[in-house]
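Biologist: Please choose a single part of this structure and take me through it closely, from what surrounds it down to its individual residues. I would like the cut-offs stated as you go.

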Amino acid sequence: MARSTYYYALRHPPRPTSPELWGKAVEVFSRTANGCGHRQIAMCLRAEVGARIADKTALKMMREIGISCGIRRETDYHRYNSYRGVVGKAFENVLGRDFAADGPWEKMGTDVTEFSSGSPGGRRTSRRRSTSAAAR
């Protein structure tokens, strides 16, 4: 960090964003049971108080106050989830990790392993490798 940056930060401590609007923002937020979002708060501050405030400034102010909208949380039901439960059939372990055989072609099994390998051009692709070793 440059010396000038350090001393600038010392002389200019972070200030709260629009502290004169905090009370009105909390009052707008508390009108509904779940509160409201930063766009609604900014719109009400513009209409009722006549404040010139951007939506992102209202969002920053809400974070500083410690209030957040509980109506639509991204983590509750919008997050992508590809889980489909137990898919496919699990076969019983016939070999029991005993791969030794008295002669050829007595024990055979397969091992399908998926691994990622770097290919030319910087793209990462997924390749499948299969070896034969299934129980007879």
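**Helix α3 and its neighbours**

Modeller: W22, A25, V26 and F29 in α2 meet M61, M62, E64 and I65 in α4, where contact means heavy atoms within 4.5 Å and helices are DSSP runs of H or I with at least four residues, numbered from the N terminus as are strands (E, at least two). This is a predicted model, in which local features need pLDDT of at least 70 and side-chain atom pairs count only at pLDDT 80 or more, while totals for chains, interfaces and linings use all residues. Residues are numbered from 1 along each chain as its sequence is written, and side-chain values use heavy atoms, with hydrogens and water left out.

The axes of α2 and α4 lie 11 Å apart and make an angle of about 90°, the axes being lines fitted to C-alpha atoms over the stretch in contact and the angles running from 0 to 180 degrees between N-to-C directions. That makes α2 roughly perpendicular to α4, a term that covers 65 to 115 degrees.

The buried residues of α3 pack against both of these helices, α2 (22-29) and α4 (55-65). Helix α3 itself spans residues 38-49, twelve in number, and reaches 16 Å from its first C-alpha to its last, close to the 16 Å expected at 1.5 Å a residue, that is, 1.5 Å times one less than its number of residues. Its buried residues (under 20% relative accessible area, with a 1.4 Å probe and protein chains only) are H38, I41, A42, C44 and L45. They cover an arc of only 165° around the axis, which puts them on the same side of α3; the arc is taken from the directions from the helix axis to the C-beta atoms. An α-helix has 3.6 residues a turn, so residues three or four places apart point the same way. On the face turned away from that buried side, α3 carries the exposed residues R39 and A47, exposed meaning over 50%.

H38, placed in helix α3, is buried with a relative accessible area of 18%. When residues up to four places away in sequence are not counted, H38 touches D55, A58, L59 and M62. After the other end of the helix comes G50, whose phi is positive, near 80°.

For the wider setting, the chain has five helices and two strands, running α-α-α-α-α-β-β from the N terminus on, and 17% of its 136 residues count as buried.

Notes
Angles under 35 degrees count as roughly parallel, over 145 as roughly antiparallel, 65 to 115 as roughly perpendicular and the rest as oblique.
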